Amino acid sequence: MLRDSRFWYVILIGLVGLLRLAELVLSARNARRLRALGGVESGAGHYPVMVGVHAAFLAAAPLEVILLDRPFHPMLGFPMLALFALTLALRLCVIATMGERWCTRVIVLPGAPLVATGPFRILRHPNYLAVAVEMP
């Protein structure tokens with residue numbers, strides 16, 4: 001079993017799921033704080049759909065590998081693992097850069113300056129890039 005790449009893939013997706021749950025806990029705490037400070041949320045209506053899409057993706061990825069008996073292709077798998085590591089690093093950098101202003105919802109503090117440090121120096125919405133690369 002330890003030599004089966006599907007086992008390791010399921011472990012990887014499970015770890016990603018745990019990380020996403022930790023992010024949701026942090027996000028909820030930050031969202032409460034932002035709202036208490038007068039933060040205004042945009043896009044609240046589509047937030048449940050986005051959560052559902054993310055959860056479905058995390059469930060479907062290992063199911064595809066297991067049910068369809070997908071083999072590991074090193075020429076594809078290792079570059080994708082490296083790309084995943086880069087997107088994870090970008091996500092963590094975004095979370096660290098935004099600090100208490102980071103959450104999975106779009107909540108803006110009126111009058112607060114835009115975050116312009118870290119990856120935001122280069123890209124206005126770096127977390128969106130990370131999510132877009134991770135998901136397909």
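Axes here are lines fitted to C-alpha atoms, for helices over the stretch in contact, and angles run from 0 to 180 degrees between N-to-C directions. Helices (H or I, at least four residues) and strands (E, at least two) are DSSP runs, numbered from the N terminus. This is a predicted model, where local features need pLDDT of at least 70, side-chain atom pairs count only at pLDDT 80 or more, and totals for chains, interfaces and linings use all residues. Residues are numbered from 1 along each chain as its sequence is written, and side-chain values use heavy atoms, with hydrogens and water left out.

**Figure 1. The whole chain, with 4 helices and 2 strands.** Follow the sequence and you get the pattern α-β-α-α-β-α. The C-alpha trace spans about 55 × 30 × 20 Å along its principal axes. Of the 136 residues, 24% are buried (under 20% relative accessible area; exposed is over 50%, partly exposed in between, with a 1.4 Å probe and protein chains only). Now for contacts, meaning heavy atoms within 4.5 Å: of those between residues at least 6 apart in sequence, 79% join residues at least 24 apart.

**Figure 2. Helix H1 against helix H2.** Two packed helices are described by the angle between their axes and the distance between the axes. For H1 (residues 5-36) and H2 (residues 47-67), those values are about 165° and 8 Å. That makes the pair roughly antiparallel (angles over 145 degrees; under 35 is roughly parallel, 65 to 115 roughly perpendicular and the rest oblique). The crossing is left-handed (the near helix is turned anticlockwise from the far one by less than a right angle; clockwise would be right-handed). On the H1 side, the contact uses Arg6, Tyr9, Val10, Ile13, Val16, Gly17, Arg20 and Leu24. H2 brings Tyr47, Leu58, Ala61, Pro62, Val65 and Ile66. Sorted by class, that is 11 nonpolar, 1 polar and 2 charged residues, where Ala, Val, Leu, Ile, Met, Phe, Trp, Tyr, Cys and Pro count as nonpolar, Asp, Glu, Lys and Arg as charged, and the others, Gly among them, as polar.

**Figure 3. H1 from end to end.** With 32 residues, H1 reaches 46 Å from its first C-alpha to its last, close to the 46 Å expected at 1.5 Å a residue (1.5 Å times one less than the number of residues). Its buried residues are Ile13, Val16, Gly17, Arg20, Glu23, Ser27, Asn30, Ala31 and Leu34. An α-helix has 3.6 residues a turn, so residues three or four places apart point the same way. What do the buried residues of H1 pack against? Their partners are H2, H3, strand S2 (106-108) and H4. Just past the end of H1, Gly38 takes a positive phi of about 95°.

**Figure 4. Helix H3 against helix H4.** H3 (residues 74-98) and H4 (residues 126-134) pack at about 155°, and their axes are 9 Å apart. This pair, too, is roughly antiparallel, with a left-handed crossing. H3 puts Leu83, Phe84, Thr87, Leu88, Leu90, Arg91 and Val94 into the contact. From H4 come Pro126, Asn127, Leu129, Ala130, Val131, Val133 and Glu134. The class tally is 10 nonpolar, 2 polar and 2 charged residues.

**Figure 5. H3 and its buried Arg91.** The 25 residues of H3 should span 36 Å at 1.5 Å a residue, and its end C-alpha atoms are indeed 36 Å apart. Gly77, Thr87, Arg91, Val94 and Ile95 are the buried residues of H3, and what covers them includes H1 and H4. Is Arg91 buried or exposed? Arg91 is buried, with a relative accessible area of 6%. Leaving out residues up to four places away in sequence, Arg91 touches Arg20, Glu23, Asn127, Ala130, Val131 and Glu134.

**Figure 6. Ala96 and Gly99, in and after H3.** Ala96 lies in H3 and is exposed, with a relative accessible area of 62%. The C-alpha atoms of Ala96 and Gly118 are separated by 8.8 Å, with the two residues 22 apart along the chain. Gly99 follows H3 and has a positive phi, near 55°.

**Figure 7. Asp69 in the loop between H2 and H3.** Although it is not a glycine, Asp69 has a positive phi of about 50°. Asp69 is partly exposed, with a relative accessible area of 49%.
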